[in-house]
Amino acid sequence: MSVLISDKPTMPSIDRVLGVDVSFYQERFNSPLPDWVSFCICRCTQGATKKDGRYAENMAFLQAARRVRGAYHLIECDENPVEQADIFVNQARLQTGDLPPFLDLEGSKVDEVKPAQAHESTMRWLERAEKLDGRKPIIYTSLDTLGRFDGHNEGMERYPLWLVEYWNSEPIDR
């Protein structure tokens, strides 16, 4: 479970907007989403070579269900971030009404390189995706992962932030 889009890397004191992310790891959508799901983002790509096999199916389901939708890329900080952004934008084919691109920063991927390189890869991906899509991408991560940048976060404050919040609860009925 993940929460809220904010333009600052801290949680404002407002009601939360709840959304979910999906990828090939989840089962296929086979029933309407619960009313509390305000939006859904679908994994499109990872690194420079991995494409999510359920991306098109998930996006089509959300469009038919008339739900706000978007796409995300799971960055591999040890691969070329510009190439990753190019592949993502080409694969995502976001449409009018879709959310801007999302960049998924996961701790295990950030830890593969030094904090300065993780920061540089992140910024280069964000800047390239923004140039190609025409909208500011949204950083999708946890506070724990942000802390792994070890102070190397200059410029990241210019991008909206969606903070992940993991709950110990039953999976949603999809």
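Confidence in this predicted model varies along the chain, being lowest in strand E1, residues 2-6, with a mean pLDDT of 41, and highest in helix H2, residues 81-92, where the mean is 98. Over residues 1-14 the pLDDT stays under 50, and for that stretch the model has 46 contacts beyond four places in sequence. At residues 168-174 the pLDDT is again below 50, and there the model has 15 contacts beyond near neighbours in sequence. For the chain as a whole the mean pLDDT is 83, with 83% of the residues reaching 70 or more.

Let me turn to the overall layout. The chain holds five helices and eight strands, and, if you read along the sequence, they follow the pattern β-β-β-β-α-β-α-β-α-α-β-α-β. Of the contacts with a separation of 6 or more, 70% are between residues that stand 24 or more positions apart. The chain has 174 residues, of which 48% are buried, and it exposes about 9200 Å², with carbon and sulfur atoms supplying 48% of that area.

Next, the aromatic residues. The count of aromatic pairs comes to five, and ring pairs link Phe-39, Tyr-72, Phe-102, Tyr-140 and Trp-162 into a cluster. One of the pairs is formed by Phe-102 and Trp-162, whose rings meet edge-to-face, with 5.5 Å from centre to centre and 75° between the planes. What does this pair tie together? Phe-102 belongs to strand E6, residues 102-104, and Trp-162 to strand E8, residues 161-164, so the pair ties together parts of the chain that are 60 residues apart in sequence. Are these two residues buried or exposed? Phe-102 counts as buried because its relative accessibility is 0%, under the 20% cut-off, and Trp-162 likewise counts as buried because its relative accessibility is 0%.

There is also a contact between a charge and a ring to show you: the charged end of Lys-136 sits over the ring of Tyr-159, at 4.8 Å from the ring centre.

Finally, I would like to look at a single serine. Ser-121 lies in helix H4, which runs over residues 115-133, and this serine counts as buried because its relative accessibility is 5%. Which residues does Ser-121 contact, leaving aside neighbours within four places in sequence? Ser-121 is in contact with Ile-75, Cys-77 and Pro-81, and the last of these, Pro-81, falls within the residue range of helix H2, the element with the highest mean confidence in the chain.

Terms used
Residues numbered from 1 in each chain as written. Predicted model: local features only at pLDDT ≥ 70, side-chain atom pairs only at ≥ 80, totals over all residues. Heavy atoms only, no water. Helix = DSSP H or I, 4+ residues; strand = E, 2+ residues; numbered from the N terminus. Buried < 20%, exposed > 50% of the residue type's maximum accessible area, 1.4 Å probe, protein only. Contact = heavy atoms within 4.5 Å. pLDDT = per-residue confidence, 0-100. Phe/Tyr/Trp six-rings, centres within 6.5 Å; stacked < 30°, edge-to-face > 60°. Lys NZ or Arg CZ within 6 Å of the ring centre and 35° of its normal. Areas by Shrake-Rupley, 256 points an atom, 1.4 Å probe, with all protein chains shown as cover.
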